[in-house]
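The following exercises concern the strand pairing and the nonpolar packing of one protein chain. Please work through each task with the structure in view before reading its solution.

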Amino acid sequence: MEKIILALFIILSSCFWGSVMDFSEQDIKDNENEVFNSSFENGEFDPLKLPDNWFLLEDTSKHVIWDSENPHTGSKSLKIEHPKDKINIISDAFPVDADYVYYSRLFVKTNYNSNQSITIRFLAFDAKGKRVSKFSNSGLPKQDWAQIDITSGFLKSTARFGRIIISIPRKSDKIYWLDDIESYAVYRIQK
């Protein structure tokens, strides 16, 4: 009997969460992207520095290049060459509303199909800068541009701003390109 109740609970909860938490490209149509400089187009172009509104957690800048040869959209992307350590690329903070669900995505490609995952994280912080919510999802990059996305909802009520973090694995024989790292408020949770 317990197994039947547990199975019923799982089925019912997956129906609820699936209908609230499954968002896609069509849900962002006409919505504003919250991430500043999400396509790496802004700033005085210098391959040896990061685009405006982006920074690295570690001192791995010699492996991260602002690239103008392989964009997904626009004229620039971020190229990560032969990372000998894990690299975390972090967006500038953007305002969030705890009553909304956010759909975030990035586009990534690599020099050859990978068995190492790229991780996208959506972090929400309170007014004092304390992290109050964290969501993550991973995907495998391919030789063509591939999308990795994440839906983040039911943020703590104290959430005031968010950041997107992209984690690149240590893989000294790989080259990765990132572009169009975006986040959209797609659904207002009714209370």
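**Exercise 1: a serine in a strand**

Ser-104 lies in strand S6, which spans residues 100-110. The model is a predicted one.

Task: Determine whether Ser-104 is buried or exposed, and identify the side chain that its own side chain joins in a polar contact.

Solution.
1. The relative accessible area of Ser-104 is 0%. Because buried means under 20%, Ser-104 counts as buried.
2. The side chain of Ser-104 makes a polar contact of 2.8 Å with the side chain of Ser-183.
3. Beyond four places in sequence, the contacts of Ser-104 include Ile-120, Phe-122, Ile-148, Ile-150 and Ile-164. Asp-149, Glu-182 and Ser-183 are also among them.

**Exercise 2: the sheet around S11**

Task: Establish the order of the strands in the open sheet, and state how S11 pairs with S3 and with S6.

Solution.
1. The open sheet consists of 5 strands in the order S2-S3-S11-S6-S9, with antiparallel pairing.
2. Strands S2 (64-67) and S9 (146-152) are the edges, each pairing on one side only. Neighbouring strands are turned against each other by 30° on average, direction ignored.
3. Strand S3 (residues 77-81) runs antiparallel to S11 and is joined to S11 by 4 bridges. Within S11, Leu-178 stands opposite Leu-78.
4. S6 is likewise antiparallel to S11, and the two pair over 10 bridges. Tyr-102 has Ala-185 of S11 as its bridge partner, while Val-101 has Tyr-187 of S11.
5. Strand S11 (residues 175-188) is mostly covered, since 11 of its 14 residues are buried.

**Exercise 3: the nonpolar cores**

Task: Find which residues have the most contacts inside the largest nonpolar core, and list what Leu-178 touches.

Solution.
1. The largest nonpolar core comprises 31 residues, and Ile-89, Ile-166, Ile-168 and Leu-178 have the most contacts inside it. Strand S7 (residues 118-125) gives the most to this core, namely 4 residues.
2. Not counting residues up to four places away in sequence, Leu-178 touches Phe-40, Ser-77, Leu-78, Ile-80, Ile-89, Leu-106, Phe-107, Val-108, Trp-145, Ile-166 and Ile-168.
3. A second, separate core has 7 residues, including Ile-28, Val-101, Tyr-103 and Tyr-184.
4. As general background, nonpolar side chains in soluble globular proteins tend to be buried together.

How values were computed
Residues numbered from 1 in each chain as written. Predicted model: local features only at pLDDT ≥ 70, side-chain atom pairs only at ≥ 80, totals over all residues. Heavy atoms only, no water. Core = buried A, V, L, I, M, F, W, Y, C linked by side-chain atoms within 4.5 Å. Buried < 20%, exposed > 50% of the residue type's maximum accessible area, 1.4 Å probe, protein only. Contact = heavy atoms within 4.5 Å. Polar contact = N/O pair within 3.5 Å; in protein donor to acceptor, adjacent residues only side chain to side chain. Pairing = 2+ DSSP bridges. Axes fitted to C-alpha atoms, helices over the stretch in contact; angles between N-to-C directions.
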